[in-house]
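Trainee: Hey, got a minute? I'd like to walk through this protein with you.

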Amino acid sequence: MKECVGMLLAGGEGKRLGALTKDLAKPAVHFGGKYRIIDFTLSNCTNSGIQTVGVMTQYSPLELNKHIGTGGPWDLNRQHGGATVLSPYTGKDGGDWYSGTADAIYQNIHFIDQHDPEYILVISGDHIYQMDYSTLLHHHKQTKADATISVIPVPWDEASRFGILNTTDDMRIYEFDEKPENPKNDLASMGIYIFTWSTLKSYLLEDAANIYSSHDFGKDIIPAMVNDDLRLFAYRFEGYWKDVGTIQSYWEANMDLLDEDLQLSLNNKNWRIYSNESNFPPQYFGETAVVKHSLINSGCWVSGTVNCSVLFENVEIKQDSEIYQSILHPGVTVDKNVILERVIVMGNTTIPEGTCIQVGKEEEPLVIDQKSLASILA
């Protein structure tokens, strides 16, 4: 018996990320120099003592499945528990794609039941944050809740973009507003839930039988629990959290890593972020290299100027080239006399000599690969 089993939703298509997710599930997108987006959630599980995690993939899962493997980098390759990649093809008649977040859990009831947990943690693989789920579980038990939802304050002018939880003074949830036009408060759901499993299971079974349901936690399960006056509580999270669902937010989150004043650190020895390690040699900086406020990873050769940028592994910046506020994915080569500003360059792209691509601050950063680069330069 496991006290708490984690169920990680990692099937997001991520259409708003454009070319970054053309052939890749959103949680598998490169982030922060040497990580994938999903590494943050998996590392949170490891650091929080969640030893059994079911990972539910769907859209373009091959690269993501390869990355997770047996769960070794996150110490989730245990004989009893560990990380298990769950196929969406689990229906009685041969299976189908998951029809919603709640349906994804429903379709894997058999996986959860074999571990016989008292609680279940439902999380997403496409957010950037560092969170101790054991504190969330403690809060759930302390309040004797049926469900606990992690929330974070958002700017009032953005609150209508989120699911807003209205609570009493003791943080008990009495109303759930999905993207309200006139929000009553600024507490947005982070999509991080802890449920008492026996309670959630009964609601999942009832929801699955409802042909009018969209089988979604935010639209169906949570409102049903609120309407039935169950004990639902909000847990206020104070740290850094970002949904990297757009190109702008993806770029911002990478740039946030360069801001020492923010509560997001890749160097916290007490809360490490784990990933698959590479075998590239250390970085090389030529005599003409100028590097400021940037994240440069192993295997990089830099002879030009790099300022406020993130370079992934095995990137080469040749002499007299200038890189500003840009993100260069693995295997990118930048030839001589190139200027890149507010650009995201996808893996294994070669930028020819003399190229100049500068995106203004009022515009969304530009994502380029070898194919789109040819069109830009034509």
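Trainee: Where does Ser202 sit?
Mentor: Keep in mind that this is a predicted model. Ser202 is part of helix α6, which covers residues 197–208.
Trainee: And is Ser202 buried, partly exposed or exposed?
Mentor: Ser202 has a relative accessibility of 37%, so it counts as partly exposed. The cut-offs are under 20% for buried and over 50% for exposed.
Trainee: How far is Ser202 from Ser189 in space?
Mentor: Their C-alpha atoms are 23 Å apart, with the two positions 13 residues apart along the sequence.
Trainee: OK, let me jump to Asn307. Which strand is that in?
Mentor: Asn307 belongs to strand β18, residues 305–307.
Trainee: What does Asn307 touch, if I skip its neighbours within four places in sequence?
Mentor: Then Asn307 has contacts with Lys292, His293 and Ser294, and also with Ile323, Tyr324 and Gln325.
Trainee: How far is Val290 from Asn307, C-alpha to C-alpha?
Mentor: That distance is 7.9 Å, and the two are 17 residues apart in sequence.
Trainee: Cool. What about Asp132, where is that one?
Mentor: Asp132 is in the loop that runs between β7 (127–129) and α5 (133–142). Its relative accessible area is 27%, so Asp132 is partly exposed.
Trainee: Which residues does Asp132 touch, not counting those up to four places away?
Mentor: Asp132 is in contact with Ser48 and Trp271. As for Ile50, its C-alpha is 9.9 Å from that of Asp132, while the two residues are 82 apart along the chain.
Trainee: Switching topic: what's the phi of Asp116?
Mentor: Asp116 has a positive phi of about 50 degrees, although it isn't a glycine. You'll find Asp116 in the loop between α4 (109–113) and β6 (119–124). With 47% relative accessibility, Asp116 counts as partly exposed.
Trainee: And Lys179, what's its phi?
Mentor: For Lys179 phi is positive too, about 50 degrees, and Lys179 is not a glycine either. Lys179 sits in the loop between β10 (173–178) and β11 (187–196).
Trainee: Why does Lys179 count as exposed?
Mentor: Because its relative accessible area is 52%, and exposed means over 50%.
Trainee: Let's zoom out. How many helices and strands are there in the protein?
Mentor: There are nine helices and 28 strands.
Trainee: Why can we call the protein as compact as a globular protein of its length?
Mentor: Its radius of gyration is 22 Å and the globule rule gives 21 Å for 378 residues; the two values are close, so that description fits. Along its principal axes, the C-alpha trace spans about 65 × 50 × 40 Å.
Trainee: How much of it is buried?
Mentor: Buried residues account for 52% of the 378. The accessible surface of the protein is about 17500 Å², and carbon and sulfur atoms contribute 45% of that.
Trainee: What about contacts across the sequence?
Mentor: Take the contacts between residues at least 6 apart in sequence: 56% of them join residues at least 24 apart.
Trainee: And how many charges are there?
Mentor: The protein has 29 positive and 50 negative charges, and the mean positions of the two sets are 3 Å apart.
Trainee: Last one: what's the mean pLDDT?
Mentor: The mean is 91, and 96% of the residues reach 70 or more. Over residues 90–94, though, the pLDDT is below 50, and that stretch has six contacts in the model beyond near neighbours in sequence.

Notes:
Residues numbered from 1 in each chain as written. Predicted model: local features only at pLDDT ≥ 70, side-chain atom pairs only at ≥ 80, totals over all residues. Heavy atoms only, no water. pLDDT = per-residue confidence, 0-100. Contact = heavy atoms within 4.5 Å. Helix = DSSP H or I, 4+ residues; strand = E, 2+ residues; numbered from the N terminus. Rg over C-alpha atoms; globule rule 2.2 N^0.38 Å. Buried < 20%, exposed > 50% of the residue type's maximum accessible area, 1.4 Å probe, protein only. Areas by Shrake-Rupley, 256 points an atom, 1.4 Å probe, with all protein chains shown as cover. Lys, Arg positive; Asp, Glu negative; His and termini not counted. Charge placed at Lys NZ, Arg CZ, Asp CG, Glu CD.
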